[in-house]
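Student: I should like to learn how a ligand site and its pocket are read from a model. Could you take me through the steps?

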Amino acid sequence: MTGFVVTGTDTDVGKTVFAAALAGHLDGWYWKPVQAGLDGGTDRDRVAALSGLPPERILPEAYRLKTPCSPHRAAEIDGVAIEPDKVALPEKRPLVVEGAGGALVPLTGELLFADIFARWGLPAIVVARTTLGTINHSLMTIEALRARGVPIHGVAFVGNAVEESETTICRIGKVRRLGRLPWLDLLDGISLRAAFNANISL
Ligand SMILES: Nc1ncnc2c1ncn2[C@@H]1O[C@H](COP(=O)(O)OP(=O)(O)OP(=O)(O)O)[C@@H](O)[C@H]1O
Ligand SMILES: [Mg+2]
C-alpha cells in the first residue's frame, strides 16, 4: 500500500474530511502540499483533529499561502514563486495527499494539480458530491485525470444518497464506487471513523 491522492470535483466537497478518515484507516500519513488560506484553520489542523493519528503523521505543507484562492494566485499575492520540484512527494507510506480544490486547479501559471498527480503516479480517489450537477462534474474530473495519465482508484461520494447519480457516474466513467460518506450532524473523530468503516470499501 503506497497511498492515494485525494482530489475532488470542486472545492468544499469533503476532501479533507474523507482524507482524514482514510489516513486514519490506513494508519498512514497525511500531506497537503499547498495550503491557500490560513485564517480559520488549515486542512492540516482539521486532519489532526479528525484522523486520530498522532501529530507527527500530519506532515507540514510545502507552501502555506495567506489568501483562500487558487494556489497560483495566492502565491502571486504573497510574492512567492512556487517551485514544482519543491512539491515532491514525501517518502512516508502509506501516504494520503490532498490536492487543493478540484483536479484542474493551477499550482503555478503553467502547471495544474492533475499534472503533478501524473508525475507522482499515486492512484487518485475522486471525492464527489451527490447533489445536482455531480454527474457532469464527476465525469469531467475523471476524463481530465485519465487524459493526463493519472490512475484512478475510484470515486468516493459525500452526502445524502442519490443512488441513480452515483451508479450513472460509475457506469459511464468506468470507475469503481468506493462508497458514500453520509453527511454527519456530529462530525468528530469517532463518528467519522465509524461512518468510514461502515460505508467505504477501498
Ligand atoms: N461527511 C461530512 N459530514 C459533515 N460535514 C462534512 C462532511 N464532509 C465535509 N463536511 C464539511 O463540509 C465542509 C467542506 O469539507 P472539506 O473541508 O472536507 O472540503 P474540501 O473539499 O477539503 O475543501 P477544500 O477545497 O477547501 O480543501 C467542512 O465544513 C466540513 O466539515
Ligand atoms: Mg480540504
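Tutor: We shall take the pocket, then the ligand, in this predicted model.

Student: How is empty space found, and what is the volume of the largest pocket?

Tutor: Rolling a probe the size of a water molecule over the atoms shows where space is left empty. Here the largest pocket has a volume of about 730 Å³. It is lined by 33 residues, and Thr11, Asp12, Thr16, Asp43 and Glu98 are the closest to its centre.

Student: What is the make-up of this lining by class?

Tutor: The lining of the largest pocket has 16 nonpolar, nine polar and eight charged residues. Helix 1, strand 3 (34–36) and helix 2 each supply at least two of the lining residues.

Student: Which molecule takes up the space of the largest pocket?

Tutor: That space is taken by ligand 1. There are 17 residues around ligand 1, and those that come nearest are Thr11, Lys15, Thr16, Arg46 and Leu184. By class, this shell divides into seven nonpolar, four polar and six charged residues.

Student: Which element gives the most to the shell around ligand 1?

Tutor: Helix 1 does, with three residues.

Student: Which polar atoms should I inspect beside the oxygen atoms of ligand 1?

Tutor: On the backbone, an N or O atom of Asp12 lies 3.0 Å from a ligand oxygen, and a polar atom of Val13 is 3.1 Å from one. From a side chain, an N or O atom of Lys32 is 3.5 Å from an oxygen atom of ligand 1. As for cover, the protein takes 81% of the 630 Å² of accessible area that ligand 1 has on its own.

Technical notes:
Residues numbered from 1 in each chain as written. Chains lettered and ligands numbered in written order. Predicted model: local features only at pLDDT ≥ 70, side-chain atom pairs only at ≥ 80, totals over all residues. Heavy atoms only, no water. Near = heavy atom within 4 Å. Polar contact = N/O pair within 3.5 Å; in protein donor to acceptor, adjacent residues only side chain to side chain. Areas by Shrake-Rupley, 256 points an atom, 1.4 Å probe, with all protein chains shown as cover. 1 Å grid on protein atoms, 1.4 Å probe; cavity = no way out; pocket = protein on both sides within 12 Å on 5 of 7 lines; lining within 4 Å. Sits in = over half its atoms within 2 Å of the grid points. Helix = DSSP H or I, 4+ residues; strand = E, 2+ residues; numbered from the N terminus. Nonpolar A, V, L, I, M, F, W, Y, C, P; charged D, E, K, R; others polar. Points joined across faces, edges and corners; volume = space filled by probe spheres on them.
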